[in-house]
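Q: I'd like to learn how to read this one feature by feature. Could we go through it together?

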Amino acid sequence: MKTPRTGILLACAWLAATPLPASSHLDDPAQLVSDTAGRILTRLNENHAQYHQRPELLKDVVREDLLPLLDVRYAGRLILGRSGRDASAEQLDAFTEAMSNLLINRYAEGLLQFRSEEQLEVLPLRGELNERMTRVRTRVRLESGGFAPVDYVFRRTDGGWKAFDVVVEGISYVTTYRNQIMPEVQAEGLDAVIARLNQGQLVLSD
Amino acid sequence: MMSRIERPARLAAVLLVTLAVAACAGTQNRHTDPERDPWEGYNRKIHSFNMKFDRYLGRPVAVAYDTVMPDPLQRGVANFFRNLDYPVTFFNQLMQGKFRESGISTSRFLFNTVFGLLGFFDVATRVGMPAYDEDFGQTLATWGWTDSRYLVMPFLGPFTVRDTLGRSFYGYLHPISYAIREEDMYAPLIIDLIQRRASFLDADAALEEAYDPYTLVRDSYLQNREFKIYDGDPPVTDYDAFLEDEP
């Protein structure tokens, strides 16, 4: 009879020790997406000309504002799947780092095409919120007048909701990268893949 | 009379090319997705033929078109052809029981045709009429043919068996096919193809960089297809399975 109560007490203590989110929006992934997008786009609009000339500055903005929202470690594990089973912690870190750099570069390049906040519309969640995972759906207005649907898949972590996948018109980054990278790791080894990802990053930031 | 003889000849030429490509390419047999792509060996051969065709003809033409045509004009051409998809969209909405949506598609078509200079301007989207994307392949999928084998077609690119069958109904409803069948007019088809190719020029770099462009095209196509079949609301990927040790 003693153990369960101790367990409950311990759980309470742990809950109390966990810092409460500063505001309730940390509990709402949809709000997180529109806040983050708003913040990045505001910074983009303030210095648009400058970022056009020096895109690496925009990458820092993305890194500062977007990266804390992402669970890149988890995304990396999903992408590597069983091919990451034998990897060392250092290799996993290096892989995650290389992947997130690549992603940040791509995102920053895409951002330069953006003009205003009105181009992004966050759709309301449709009963998809469960304890562990949820999908935030947005629509990006294209120059052509049409929309591109972009979904963000979130999971609940100890540090709040974090996104680990982006799905553009149904095409998931995680799934697509995974299908590319798993065979490559099997054929050439994880270190070779990390080296190539890092190289790609150099080419892109030219 | 001439054209009646010509058409089967054209088809025969396509088949011959296909066979020649299949025969001369290597016999490498990879199986990266045995469930959805059991004909990967054949598909890879057609894929590499298509890529060569694209490198020497498709892409250069699209690049030239992209250089000459200002973006707003390109958008207009794309809008014009998407507006012509209406009969196919409408019919398939009916076949799928999407009556309300078929009504919107009709208003959309009329609105864009009348006020958007025959569809050149997509004014309907601006006043809140959404564009729907339905075709015969999607109808067959909603009727229960959800999983279909991946099949790369010569010149046409990624398909599934279901969507190839769906595509063959096109000729009865699509104005572009009608122009070819009744008027022997190939210009609309060719312009549509060039415009479509030009809209994908941005994706070339990613494709070039890919470790395996074949699987990148296949996976993107199949995912996007499922997305359309479920009208933008496909079941969430089973991410947990990604972490498990099964092949």
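Q: Let's go straight to the strands: how many bridges join β3(A) to strand β4 of chain A, and do they run parallel or antiparallel?
A: The general idea first: in a regular strand the side chains alternate between the two faces of the sheet. Here, in what is a predicted model, β3(A) and β4 (residues 160–168) of chain A run antiparallel and are joined by eight bridges. For a register mark, take Arg155(A), whose bridge partner in β4(A) is Lys162(A). The two strands make a hairpin, with two residues between β3(A) and β4(A).

Q: Which strand of chain A pairs with β3 over nine bridges?
A: That's β2 (residues 133–141) of chain A, which pairs with β3 (residues 147–157) in the antiparallel sense. To check the register here, find Arg137(A): Asp151(A) in β3(A) stands opposite.

Q: What about chain B: which strands pair there, and in what sense?
A: Look at β1 (residues 150–153) and β2 (residues 157–160) of chain B, an antiparallel pair with four bridges. Tyr150(B) has Thr160(B) in β2(B) as its bridge partner. These strands form a hairpin too, with three residues between them. In its turn, Phe155(B) has a positive phi of about 70 degrees.

Q: On to charges. How many salt bridges are there over all chains?
A: As a general point, side chains of opposite charge can pair when their charged atoms come close. The count over all chains is 31. One of these is Glu184(A) with Arg196(A), where the closest N and O atoms are 2.7 Å apart. Glu184(A) sits in helix α7 (residues 173–188) of chain A and Arg196(A) in helix α8 (residues 190–204), so this pair ties together parts 12 residues apart in sequence.

Q: How many salt bridges lie between chain B and chain A?
A: Three. To see a case, zoom in on Arg135(A) and Asp233(B), whose side chains meet in a salt bridge at 3.0 Å, N to O. Between the two chains there are also 16 residue pairs in polar contact, counting pairs with both residues at pLDDT 80 or more.

Q: Which elements of chain B give two or more residues to the side that touches chain A?
A: They are α13 (213–229) and α14 (239–243) of chain B. The largest share, seven residues, comes from α13(B). By type, the residues on this side of chain B are 10 nonpolar, seven polar and nine charged.

Q: How many residues are in contact across the chains, and what area is buried between them?
A: On the chain B side 26 residues are in contact with 38 residues of chain A. The buried area is about 2900 Å², and carbon and sulfur atoms give 50% of that. Tyr211(B), Tyr239(B) and Phe242(B) are worth selecting: they supply 27% of the area that chain B buries against chain A, more than any other three residues.

Q: Last thing, confidence. What scores does the model have, and where in chain B is pLDDT below 50?
A: The model scores ipTM 0.79 and pTM 0.80. Chain B has a mean pLDDT of 85, with 87% of its residues at 70 or more. Residues 1–8 of chain B are below 50, and this stretch has four contacts beyond near neighbours in sequence. Residues 22–27 of chain B also stay under 50, with three contacts beyond four places in sequence.

Terms used
Residues are numbered from 1 along each chain as its sequence is written. Chains are lettered from A and ligands numbered from 1 in the order in which they are written. Side-chain values use heavy atoms; hydrogens and water are left out. Contact means heavy atoms within 4.5 Å. Buried area is the accessible area (1.4 Å probe) that two parts lose on being put together, summed over both. A salt bridge is a side-chain nitrogen of Lys or Arg within 4 Å of a carboxyl oxygen of Asp or Glu. A polar contact is a pair of N or O atoms within 3.5 Å; within protein, one must be able to donate a hydrogen and the other to accept it, and residues adjacent in sequence count only if both atoms are side-chain atoms. Ala, Val, Leu, Ile, Met, Phe, Trp, Tyr, Cys and Pro count as nonpolar, Asp, Glu, Lys and Arg as charged, and the others, Gly among them, as polar. Two strands pair if DSSP finds at least two bridges between them. pLDDT is the predictor's confidence in each residue, from 0 to 100.
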